[in-house]
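Thank you all for coming; I would like to take a few minutes to walk through a structure that is new to most of us. Please have a look at it first, and then I will go through a handful of places in turn.

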Amino acid sequence: MAEYIQKVNRSRSWGRLIGMTLVLCGATLWGVSGNAAQYLFETQKVSAGWLTSVRMLTAGVLLLAIMQCGKHRQQVWAIWKQRRSASSLVVFGLVGMIGSQYTYFEAVAAGNAATATLLQYLSPVLILLFSILFMRKKPKMIELTAMVIALLGVFFLVTKGHPNQLSIAPGAIIWGLLAALGGAIYATQPASILKQFGPGVVVGWGMVIGGAAMSLFYPPWIFHGQWSMAAFIGIVFVILFGTLIAFYLYLASLSYLKPLETSMLGCAEPLSAALVSVVWLHVPFTLFDWLGALCIIGTVVSLAFAQKNVKNKRK
């Protein structure tokens, strides 16, 4: 009996290690992908809208193909058989997916990948603010504190400690905050269909719908930028490694870890984005930038813990 318990504990330990490795690799690829996009925008003059269109369409089709070949094949088309789930999926693709993907790339193009990723990570704060203002939720002290710390983090990022001037372009701030808003919609709007059909199917179709809509304005067959081998490699990396493989690794980690743990470890994304920006693209990152990053990431972690405590009390 003792040997059996030891084997179970060892298998759980290995499972957690595998899950942590998967989610960290996926989050890192997301962070690096933002820098690859920044490289494409700055050196290859690729359009943010065109890259969004191609990224969502290609990655969405590939993700659905993977789902079709796996155990979720029946769910791929079943989501369209119910009017309620189909309409929710269309809203998710047009509002949640485009609202988070396109605005993020525009934020990167207007500023840099590190700042855009950090501003996008304010989405939990916006979700909390919405629940307080419109759902009459009474905030806890830890939630109010987290919001203040998040605002302090934004202040550090956009002013670098100098309140009388902005250190980044206003466009980067606006697009970054819109990306956070899009991320908040992305995380909350499809909750019901996510439970019913799974994230792979919902995100796959969301990407296809969003990509098809973006194609009306930025057709994938009309390239917006300077074509070169470097541009080709960068685009392939963003689509395959920064989108498809990153999301697949995240999905795989859910088999070994709880959603709260994956969301916590997902904070590796803004950290990797910042580190790669400094090392590869030579983006100047001051002490105040790192303080801002610490404040925003700390906010995400503290809000996740607060949500966990609420769920534990309900149980």
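I will talk about the salt bridges, then some helices, and then the cysteines and a patch on the surface.

Before anything else, please keep in mind that what we are looking at is a predicted model.

Let me begin with the charged pairs. How many salt bridges does a search of the whole structure find? The search finds two, and I will take them one after the other. In one of them, lysine 137 pairs with glutamate 143, and the closest N and O atoms of that pair are 3.0 Å apart. The two partners sit in differing surroundings, since lysine 137 is partly exposed at a relative accessible area of 32%, whereas glutamate 143 is buried at 6% relative accessibility.

In the other salt bridge, the side chains of lysine 160 and aspartate 289 come together with an N to O distance of 2.5 Å. Lysine 160 belongs to the loop between α7 and α8 (170–188), while aspartate 289 belongs to helix α14, so this pair ties together parts of the chain that are 129 residues apart in sequence. As for aspartate 289, this residue is buried, with a relative accessible area of 2%.

Staying with helix α14, which covers residues 287–314, we also find serine 302 there. A polar atom of the serine 302 side chain lies 2.9 Å from the backbone oxygen of threonine 299. If we leave aside residues up to four places away in sequence, serine 302 touches Ile142 and Ala146.

Next comes helix α5, residues 113–120, and here I would ask: why can we call this helix largely enclosed by the rest of the structure? The reason is that eight of its eight residues are buried, among them Ala113, Thr117 and Gln120. At the N-terminal end of α5, asparagine 112 acts as a cap, with a side-chain oxygen placed 3.2 Å from the backbone nitrogen of alanine 114.

That same alanine appears again when we turn to helix α13, residues 268–279, where alanine 274 is found. Alanine 274 is buried, at 1% relative accessibility, and, not counting residues up to four places away in sequence, alanine 274 touches Ala114, Phe285 and Trp290. Measuring from C-alpha to C-alpha in the model, alanine 274 and threonine 286 are 11 Å apart in space, and they are twelve residues apart in sequence.

Now to the cysteines, where the count of disulfides comes to zero. Take cysteine 295 as an example: the closest cysteine sulfur belongs to cysteine 267 and is 13 Å away, which is too far for a bond, given that a disulfide requires sulfur atoms within 2.5 Å. Is cysteine 295 buried or exposed? Cysteine 295 is buried, with a relative accessible area of 13%, whereas cysteine 69 counts as exposed at 65%.

Finally, let us look at the outside of the model, where Leu129, Phe130, Leu133, Phe134 and Met135 make a nonpolar surface patch of about 560 Å². One member of that patch, methionine 135, lies in the loop between α6 (123–133) and α7 (141–159), and methionine 135 is exposed, with a relative accessible area of 57%.

That is where I will stop, and I am happy to go back to any of these places.

Notes:
Residues numbered from 1 in each chain as written. Predicted model: local features only at pLDDT ≥ 70, side-chain atom pairs only at ≥ 80, totals over all residues. Heavy atoms only, no water. Helix = DSSP H or I, 4+ residues; strand = E, 2+ residues; numbered from the N terminus. Polar contact = N/O pair within 3.5 Å; in protein donor to acceptor, adjacent residues only side chain to side chain. Contact = heavy atoms within 4.5 Å. Buried < 20%, exposed > 50% of the residue type's maximum accessible area, 1.4 Å probe, protein only. Patch = residues over 30% accessible without salt bridge, like charges linked within 9 Å, V, L, I, M, F, W, Y side chains within 5 Å. Areas by Shrake-Rupley, 256 points an atom, 1.4 Å probe, with all protein chains shown as cover. Salt bridge = Lys/Arg side-chain N within 4 Å of Asp/Glu carboxyl O.
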